[in-house]
Amino acid sequence: QVQLVESGGGLVQAGGSLRLSCAASGRTFDYYRMGWFRQAPGKEREFVSAIIWSTGITAYAVSAKGRFTISRDNAKNTVDLQMNSLQPEDTAVYYCAAAKRSGVYRTAANYDDWGQGTQVTVSS
């Protein structure tokens, strides 16, 4: 029915950049918002960024604003997260998520479908 697949994770030195991509397939027309979350070992899953499919309106966590950029291609059903100036504290598994309805965009429970995650490791 629906599938979200992340790619682009890897190992990078502090100050470097990575571009994550989320490919969505299936009933993507049901999605209102796409988001990126991350989870580091021993920590709760936290919001990183989100984008509304139809309008392109974006939102960022304080930690991401100014360094990360979320974008989407409606025709390709892809959502990217460009991450610049990466720091060790950015190390986490990054998850792509899709929400069918409007809601509090920072809340993981408001998202209906999730990808498997992609590891981002930033070395100092």
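Let's start with Thr91, which sits in the loop between β8 and β9. This is a predicted model, and its secondary structure comes to 11 strands and zero helices. Below is a friendly tour, from Thr91 to the overall build, the cores and a few residues to look up on screen.

**Thr91, the starting point**

- Thr91 counts as partly exposed, at 22% relative accessibility.
- Setting aside residues up to four places away in sequence, Thr91 touches Ala40, Gln119, Val120, Thr121 and Val122.
- Along the chain, Thr91 and Arg38 are 53 residues apart, while their C-alpha atoms are separated by 8.6 Å.

**Overall build**

- If you read along the sequence, the pattern is β-β-β-β-β-β-β-β-β-β-β.
- The C-alpha atoms fill a box of roughly 40 × 25 × 25 Å, taken along the principal axes.
- The protein has a radius of gyration of 13 Å, which agrees with the value near 14 Å that a compact globule of 124 residues would have.
- Of the 124 residues in the protein, 42% are buried.
- Take the contacts between residues at least 6 apart in sequence: 58% of these join residues at least 24 apart.

**Surface and charge**

- The protein exposes about 6,400 Å², and carbon and sulfur atoms supply 48% of that area.
- There are 13 positive and 10 negative charges, and the mean positions of the two sets are 4 Å apart.

**The nonpolar cores**

- In soluble globular proteins, nonpolar side chains tend to be buried together.
- The largest nonpolar core here has 26 residues, and Met34, Trp36, Leu81, Met83 and Tyr94 are those with the most contacts inside it.
- Seven strands each supply at least two residues of this core: β3 (18–26), β4 (33–39), β5 (46–52), β7 (68–73), β8 (78–83), β9 (92–99) and β11 (118–123).
- Another core, of eight residues, lies apart from the largest one, and its members include Phe37, Phe47, Ala59 and Ala61.

**Ile70, a buried strand residue**

- You will find Ile70 in strand β7.
- Ile70 is buried, because its relative accessible area is 4% and the cut-off for buried is under 20%.
- Leaving aside neighbours within four places in sequence, Ile70 is in contact with Met34, Trp36, Ser49, Ala50, Ile51, Thr58, Tyr60, Val79, Asp80 and Leu81.
- Met34, Trp36 and Leu81, which are among those contacts of Ile70, are also among the residues with the most contacts inside the largest core.
- Ile70 and Gln82 are 12 residues apart in sequence, with a C-alpha to C-alpha distance of 6.4 Å.

**Tyr111, a buried loop residue**

- Tyr111 belongs to the loop between β9 and β10 (113–114).
- With a relative accessible area of 5%, Tyr111 is buried.
- Beyond neighbours within four places in sequence, Tyr111 is in contact with Arg33, Met34, Gly35, Phe37, Phe47, Ala50, Ala97, Ala98, Ala99 and Tyr105.
- Two of these contacts of Tyr111, Phe37 and Phe47, are among the residues of the eight-residue core.
- Tyr111 and Glu44 are 67 residues apart in sequence, and 15 Å apart from C-alpha to C-alpha.

**Gln39, a partly exposed strand residue**

- Gln39 is part of strand β4.
- The relative accessible area of Gln39 is 27%, so Gln39 is partly exposed.
- Not counting neighbours within four places in sequence, Gln39 is in contact with Glu44, Arg45, Ala92, Val93 and Tyr95.
- Gln39 and Gln119 are 80 residues apart in sequence but 9.6 Å apart in space, C-alpha to C-alpha.

**Positive phi angles in loops**

- Asn77, in the loop between β7 and β8, has a phi near 55°, a positive value in a residue other than glycine.
- Asn77 is partly exposed, with a relative accessible area of 23%.
- Ser85, in the loop between β8 and β9, also has a positive phi without being glycine, with a value near 50°.
- Ser85 has a relative accessible area of 38% and is therefore partly exposed.

Key. Residues are numbered from 1 along each chain as its sequence is written. This is a predicted model: local features need pLDDT of at least 70, side-chain atom pairs count only at pLDDT 80 or more; totals for chains, interfaces and linings use all residues. Side-chain values use heavy atoms; hydrogens and water are left out. A nonpolar core is a set of buried Ala, Val, Leu, Ile, Met, Phe, Trp, Tyr and Cys residues joined through side-chain atoms within 4.5 Å. Buried means under 20% relative accessible area, exposed over 50%, partly exposed in between (1.4 Å probe, protein chains only). Helices (H or I, at least four residues) and strands (E, at least two) are DSSP runs, numbered from the N terminus. The radius of gyration is taken over C-alpha atoms; the globule rule is 2.2 Å times the number of residues to the power 0.38. Contact means heavy atoms within 4.5 Å. Accessible areas come from the Shrake-Rupley method with a 1.4 Å probe; for residues, only the protein chains shown count as cover. Lys and Arg count as positive and Asp and Glu as negative; His and the chain ends are not counted. The place of a charge is taken as NZ of Lys, CZ of Arg, CG of Asp or CD of Glu.
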